[in-house]
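Me: I've got a model open and I'd like to go through the ligand site and the odd backbone spots with you. Mind if I keep asking how we know each thing?

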Amino acid sequence: MKREINGKTKIIGIIGKNIENSLSPLIHNQIIFKYSLNFCYLPFKVTENDLSQAIQGIKALNIRGVNITFPYKEKVIEFLDELEESARRIGAVNTIVNNKGILTGYNTDVIGFKKSLQEDGKFIIKKKKAVIFGAGGAARAVVYALLEEEIEEICIFNRTLEKAKKIKQNLLPFFPRSNINIFPLEKEKLKDKIEEAPLLVNTTSLGMPPKIDNTPLPDEKLFHPNLLVYDLIYHPAKTLFLRQAERAGVKIINGLPMLVYQGIESFHLWTGLKPEGKEVLKMIKRIT
Ligand code: ATR
C-alpha cells in the first residue's frame with residue numbers, strides 16, 4: 001500500500017545523543033509501513049543542554065511519543081509529568097507517551113530484555129546466577145527484569161562502585177529477599193563470580209563506536225562452556241566481547257532481539273497495535 005505523509009500523520013521518534021546508528025527508525029517505520037498506519041518515526045539528536053526543551057517540545061509539537069536512549073534514560077525523568085510504576089522503581093525511562101499534553105514515562109526495556117533472554121537465549125532465569133557489567137540506565141532495567149523473574153544472585157561489576165551501590169539501594173525495598181552483590185572491575189573477583197554463573201551480560205558502552213576495540217572482560221579465559229554471553233549492544237552486531245565469547249565456543253546473544261521487543265512494547269503504547277515480535281525480528285534481520 002502507498003504510504004504518504006499528510007496533515008493527519010502522527011509523529012513518534014527517538015531522542016538520544018548519538019543516534020546516527022540507531023536501528024529504531026528502521027524498525028518502527030517498517031512496522032508502520034506493514035500495517036499502513038498514518039505514523040512516522042523520526043530521529044531527534046539532542047544535546048544534554050537542550051534535553052529539557054526537547055521534552056517540552058513533545059507537548060508543543062503534539063508528538064505522540066518518543067523513545068529515550070543513551071545517555072538520557074535517567075536524566076529525562078525530571079522533565080516528565082507521570083511515571084509508570086516499573087519506570088519509577090527502576091529510575092530509568094526509555095519510552096514517553098504524550099496523552100493530551102501529559103507526558104508519562106515507561107520502561108519497556110524490562111520486558112524487552114526478559115523476552116530476548118527467554119525466547120532467543122532459551123534461558124530460564126529463576127534460581128540462576130548472573131554477572132552484569134555496568135550500572136547505568138540499561139543495567140537498572142536488566143537487574144529489575146532478573147529480580148522480577150526470581151533470579152538467585154546478581155553480581156554487578158562497575159567502574160564506578162557508587163552507581164552500582166545505588167542500584168542495589170533503590171531496588172532492595174521492592175525485592176527484599178534479593179541477593180545483589182557489587183564489585184569494582186577487578187579480575188580476581190570476576191573470575192570467581194563468572195565461574196559460578198550461567199549468564200554474563202554487558203550493559204556498558206564498551207564495544208560500541210568509538211570504543212569498538214574495548215571489552216568489559218579483562219581476560220578471555222574467564223569464559224566457560226556453560227555460559228550464555230549477552231551484549232546489549234547491537235551495533236556492531238558482534239562486539240569484541242561477543243567475538244571473544246564465540247571463539248571460546250560460548251553461546252552468544254546481541255542487543256537486536258531486545259531492541260525489537262522493547263520497541264514493539266513502545267509501539268503498542270503509542271498506537272494500540274502490537275505486532276508479533278518474532279516476525280519483526282526476522283524482517284529486521286533480513287534487511288540489516
Ligand atoms: P546506559 O543508559 O546505556 O546504561 P549509562 O547510564 O551512561 O548508559 O551507563 C554506561 C555504563 O557503561 C556505565 O556503567 C559506565 O560505567 P561508570 O558507571 O563507571 O560510568 C560504563 N562505562 C562506560 N565507559 C566505560 C569505560 N571506559 N570503562 C568501564 N566502564 C565504562
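Me: What makes the ligand and the side chain of Arg 159 a polar contact?

Reply: Keep in mind that this is a predicted model. An oxygen atom of the ligand sits 2.9 Å from an N or O atom in the Arg 159 side chain. The cut-off for such a pair is 3.5 Å, so the pair counts as a polar contact.

Me: And how do you know that Lys 163 and Gly 137 make polar contacts with the ligand too?

Reply: Same reasoning. For Lys 163 an N or O atom of the side chain is 3.0 Å from a ligand oxygen. With Gly 137 a backbone N or O atom is 3.1 Å from an oxygen of the ligand. Both pairs are within 3.5 Å, so both are polar contacts. As for cover, the protein takes up 82% of the 640 Å² of accessible area that the ligand has on its own.

Me: Which residues come nearest to the ligand, and what is the shell made of?

Reply: There are 16 residues around the ligand, and Ala 135, Ala 138, Asn 158, Arg 159 and Thr 160 come nearest. By class, that shell splits into 5 nonpolar, 7 polar and 4 charged residues.

Me: Why is the ligand said to sit in the largest pocket?

Reply: The test is that more than half of a molecule's atoms lie within 2 Å of the pocket's grid points. The space taken by the ligand is the largest pocket, so we say that the ligand sits there.

Me: What is the volume of the largest pocket, and what lines it?

Reply: The volume is about 1,400 Å³. Its lining has 45 residues, with Phe 70, Thr 203, Thr 204, Ser 205 and Met 208 nearest the centre. Strand S3 (65-68), helix H5 (137-148) and helix H9 (256-271) are the elements giving two or more residues to that lining. H9 has the largest share, 3 residues. By class, the lining has 18 nonpolar, 19 polar and 8 charged residues.

Me: What about the second largest pocket: which residues line it, and of what class?

Reply: That pocket has a volume of about 280 Å³. Its lining includes Lys 126, Lys 127, Phe 174, Phe 175 and Arg 177. The split is 5 nonpolar, 1 polar and 5 charged.

Me: On to the backbone. How do you know that the bond between Phe 70 and Pro 71 is cis?

Reply: Look at omega, which is about 0 degrees there. Pro 71 is in the loop between S3 and strand S4 (82-83). Another cis peptide bond joins Pro 209 and Pro 210, with omega about 5 degrees. Pro 210 belongs to the loop between strand S10 (199-202) and strand S11 (228-231).

Me: And what makes Lys 100 worth a remark?

Reply: Its phi is near 50 degrees, a positive value in a residue other than glycine. Most residues other than glycine have a negative phi. Lys 100 lies in the loop between strand S5 (95-99) and strand S6 (102-106).

Key
Residues numbered from 1 in each chain as written. Predicted model: local features only at pLDDT ≥ 70, side-chain atom pairs only at ≥ 80, totals over all residues. Heavy atoms only, no water. Near = heavy atom within 4 Å. Polar contact = N/O pair within 3.5 Å; in protein donor to acceptor, adjacent residues only side chain to side chain. Areas by Shrake-Rupley, 256 points an atom, 1.4 Å probe, with all protein chains shown as cover. 1 Å grid on protein atoms, 1.4 Å probe; cavity = no way out; pocket = protein on both sides within 12 Å on 5 of 7 lines; lining within 4 Å. Nonpolar A, V, L, I, M, F, W, Y, C, P; charged D, E, K, R; others polar. Points joined across faces, edges and corners; volume = space filled by probe spheres on them. Helix = DSSP H or I, 4+ residues; strand = E, 2+ residues; numbered from the N terminus.
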